[in-house]
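Colleague: Could you take me through the surroundings of the ligand in this model, and then through the strands and helices that you would look at next?

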Amino acid sequence: MSKLVVNGSRRLSGEVKVQGSKNSTLPILAATILCSDECVLYNCPRISDVEASIRILRYLGCTAHRYENTLVINTRDMSRYDIPQDLMHQMRSSIIFLGVIIARCKRAKMSFPGGCELGPRPIDLHLSALRQMGIDITEEHGELECVAENGLKAAKIALSFPSVGATENIMLAAVTAKGTTIITNAAREPEIVDLADFLISCGAHISGAGEGTIIIDGVEKLKGTTHSIIPDRIVASTLMSCAAVTHSDITLKGVIQSHLTSTIPIFEQSGCEINFDKGVMKISSPYKLRGAKLIRTMPYPGFPTDEQAPIMSLAAVSDGITVFVENMFESRYKHVSELCRLGANIKVEGKVAVVDGVKRLLSANVTALDLRGAAALVVAALCAQGRTEISGIDFLERGYEDFEGVLTNLGADIKKV
Ligand code: EPZ
């Protein structure tokens, strides 16, 4: 089991290009199943969740070739409509393949996606929406069997919660369904907009992506296209946390300012100075950091739950109290115990975490327990005094491309052993 060794308290400097978005690449890879010919995707991150999706596409009979950060996908020869348990359990968000497989094959079979480190990951919103579109779904022995003999029909779907995955599954089922599908209370994340942009470039008729109501007029079929994946706003925010805790000035390239509207104020409240110029962000961090008082995670454009853990490491070494309220997942504080081993002062009560900033963290051996918790431990280790060992870094590699290489180029002393 590999681990990261970090010698902390070193200042960072230099510039880094932010990787492509994991949470945009995954639904777009699924969407290629609807395309009658080749798709070329640029700026795809080299991370294990993307590799897991590629394994699923290949299992289904599609071809996928990687050249650096470019993926060339052709789903013309797709020959299966089932995803076996081992592939489903490698990545919880494989459920995103459900809508597209049914849209193309009129049937789909996959095991219920397991829960994950964030707690049970229900898919009731996905299933109730897909049933409204004429799909007969049985759930037995942990398997989902889906059939839509007469193809999919458009529906008016009101989501009780703006679920990202459910919004994406409905979009993917609706783009070639007969009629006009309307999704209200849809998720507004930038990754939803990127998926819509990809589908529109393939010939889909979609309006309203990024707003609360998305309207999709079904078309006969989609052609292939080329598409460049948007930058990963969560990785950008994580790198901002790395700069802040090490009192560094760094430059992030390929960042979209409007994707960070609820993130930037948190760093400015902490005392950081952030300047943007044509997709380039310069962040300079003060010697003394101030706690941001209150951070509530909310659906986009609210503060993103995926940034809660890395920013908690920043709060841990900022003056004053920062209160976190985690509204999106029921167990997304697994990193707290590990941060406390590094000397942080954090108390958790249900969905509230109270962080009382300390002067400095001290090195320790810690273990990552989920993807963004792993990132939080790297941020904390960068400013901890001494040599910190972080195990469980497979979690980190699910979403961060060569994170140790990126940080080494910025001057950090970090090695994978
Ligand atoms: C997406 O997960 C992201 N993953 C998550 O990022 C992100 O944290 C999440 O959206 C929220 O923004 C990908 O895009 C691959 P949801 P998703 O459906 O779609 C409940 C990361 O770190 N819910 O918006 O699974 C659910 O339990 C990952 O990159 C239902 O109750 O999130 C959760 O509490 C982690 N029933 C809340 O909604 C459903 O049918 C948000 O879930 C679906 C969801």
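Modeller: What follows begins at the ligand and then moves to a helix, a hairpin, a sheet and a single side chain. This is a predicted model, in which local features need pLDDT of at least 70 and side-chain atom pairs count only at pLDDT 80 or more, whereas totals for chains, interfaces and linings use all residues. Residues are numbered from 1 along each chain as its sequence is written, and side-chain values use heavy atoms, with hydrogens and water left out.

The ligand is surrounded by 24 residues, of which Asp124, Leu125, Ser163, Asp306 and Met328 come nearest; a residue is near a molecule if one of its heavy atoms lies within 4 Å of it. By character, this shell divides into ten nonpolar, six polar and eight charged residues, where Ala, Val, Leu, Ile, Met, Phe, Trp, Tyr, Cys and Pro count as nonpolar, Asp, Glu, Lys and Arg as charged, and the others, Gly among them, as polar. At least three residues of the shell come from each of domain 1 (3–18 + 232–416) and domain 2 (22–228), with bounds from an automatic or database domain assignment. Helix H1 (22–31), helix H5 (124–132), helix H6 (164–174) and helix H12 (371–383) each contribute at least two residues to the shell; helices (H or I, at least four residues) and strands (E, at least two) are DSSP runs, numbered from the N terminus.

Oxygen atoms of the ligand also meet the backbone, with a polar backbone atom of leucine 125 at 2.8 Å from one of them, a polar backbone atom of valine 164 at 2.9 Å, and a backbone N or O atom of glycine 165 at 2.8 Å. The protein buries 87% of the 820 Å² that the ligand exposes when taken alone, with areas from the Shrake-Rupley method and a 1.4 Å probe.

Turning to helix H4 (residues 97–105), seven of its nine residues are buried, so this helix is largely enclosed by the rest of the structure; buried means under 20% relative accessible area, exposed over 50%, and partly exposed in between (1.4 Å probe, protein chains only). The buried residues of H4 are Phe97, Leu98, Gly99, Val100, Ile101, Ile102 and Ala103, and just after H4 lysine 106 takes a positive phi of about 65°.

Strand S21 (residues 352–356) has Ala353 and Val355 on a covered face and Val352, Val354 and Asp356 on an uncovered one. In a regular strand the side chains alternate between the two faces of the sheet. Strand S19 (residues 321–325) pairs with S21 in the antiparallel sense over five bridges, two strands being paired if DSSP finds at least two bridges between them, and valine 325 stands opposite valine 352. Strand S20 (residues 345–349) is likewise antiparallel to S21 and joined to it by five bridges, with valine 348 partnered by alanine 353. S20 and S21 form a hairpin with two residues between them, and glycine 350 in the turn has a positive phi of about 65°.

Elsewhere, four strands make an open sheet of mixed pairing in the order S6-S7-S9-S8. Strand S6 (82–83) and strand S8 (136–140) stand at its edges with a single partner strand each, so one side of each is left without a neighbour in the sheet.

Finally, threonine 251 lies in strand S15 (residues 249–253) and, at 11% relative accessibility, counts as buried. Its side chain makes a polar contact with the side chain of lysine 282 at 3.5 Å, a polar contact being a pair of N or O atoms within 3.5 Å, where within protein one must be able to donate a hydrogen and the other to accept it, and residues adjacent in sequence count only if both atoms are side-chain atoms.
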